[in-house]
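Hi,

Here is the structure I promised to pass on. Have a look at it, and my notes follow underneath.

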Amino acid sequence: MGVLSMMSDAGRSLRRVGVVVCVPVALIAGAVFLTANVQRSAVEHAAQQQETSESMLNAILNQESGARGFYELHQQASLQPWHQGTSEFASSLAQLRSLVAGNSALERSLARQAKQATAWHDVTQAEILTVQRTGRSPSQAAIQKDREQMLDFRASNTAFDVALRKASDHALSVASAVAAAIVGALAAMLVGIVLLLTRRTARRETARHRDQAQLRELLQASESEQESRTLLIRHIQALLPDCDPAVLSLNHDNDRLQITTVGASDALAVRAGSE
C-alpha cells in the first residue's frame, strides 16, 4: 500500500511538472501563431490597398484614353474606355475608402484625389458633349489644361501610394514588436518556472542526502543489530508514513529469514520467515 501511495504521489508530481512546463510552451506557440496571423493580415490588407489604388488610377487613365480617342475620331465606339473607366473608378474609390477607413491622413489624401478626379471628369464630360453636338474637337489650350489636371491627380495618387507603403511598414513593425514582446515575456516566464522547479528539486535532493547522512550516523552509533533494524524502520516510516515497513535479516542459526517490524505499540516484533 505504501509503495502504491509513493508511486501515486510521484505520478501526481510528474503531472504537475508537465502541466507547469506545457502551459507556457502552449502559450508561446499560440502567441507566435496569432502574431503571425496578424502580420499576414496586415500584409494582405496593404496589398489590397495598393491593388485598389492602382485599379483606380488605371480607371481614370482609361477615361482619358477614351476621351482623346473620341476627340480625334469622333466615333461613339471610342468612348467605350471612357464609360468603362468611369464605372470602374467609382467602384475602386468606394472600395479604397473602406480600406483606409480609420486612417485620417490616408482619408484626406484620398478625398483630395476624388476631388481632383471629379473636377477633371466634369470638364472632360462637358467637352465630350460639345464634340457630340458641334463635331468640333476641344482647343489645344483646353486639352493642355486637361493634361495638367491629370498630372495633378497622378501626383496625388503617387503620394497616396507612398503613404500607403509607410502605413503598411508601420503596422508590420508594430505587429512584430508586439509579437517579440509577448514571446519574450512568455519565454521569461518559462525560464522562471524551470529555475523554480530546478531549485525545488535541488532542495529535495539536499534534504534527501541530509536524511541519508543522519541515518548512516544513527546506524553507526547503534549498539546492536536489532536497534539498527528499528532505526531503519523508523526512517522508512518517516519517509513513507502510509506504509508498513519491515526489515528482512538472515538468522544464521537456522538459516532462515526473519522479518522485523514495528507495530502500533512501538514494540519490536520478530517473525520467522521462509527459507
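Let's start with phenylalanine 89: leaving out residues up to four places away in sequence, its contacts (heavy atoms within 4.5 Å) are Met56, Ala59, Ile60, Gln63, Ala117 and Phe153. Before you go further, this is a predicted model, where local features need pLDDT of at least 70 and side-chain atom pairs pLDDT 80 or more, while totals for chains, interfaces and linings use all residues. Numbering runs from 1 along each chain as its sequence is written, and side-chain values use heavy atoms, without hydrogens or water.

Phe89 also turns up in the largest nonpolar core (buried Ala, Val, Leu, Ile, Met, Phe, Trp, Tyr and Cys joined through side-chain atoms within 4.5 Å). That core has 26 residues, and Ile60, Phe89 and Phe153 touch the most other members. Helices H1 (2-73), H2 (80-99), H3 (104-134) and H4 (140-221) each give two or more residues to it; helices here are DSSP runs of H or I, at least four residues, numbered from the N terminus.

Then there's one salt bridge in the structure (Lys or Arg side-chain nitrogen within 4 Å of an Asp or Glu carboxyl oxygen). Glutamate 64 and arginine 68 make it, at 3.0 Å from N to O. They sit four residues apart in helix H1, so about one helical turn separates them. Glutamate 64 is buried at 13% relative accessible area, whereas arginine 68 is partly exposed at 36% (buried is under 20%, exposed over 50%, partly exposed in between; 1.4 Å probe, protein chains only).

Cheers
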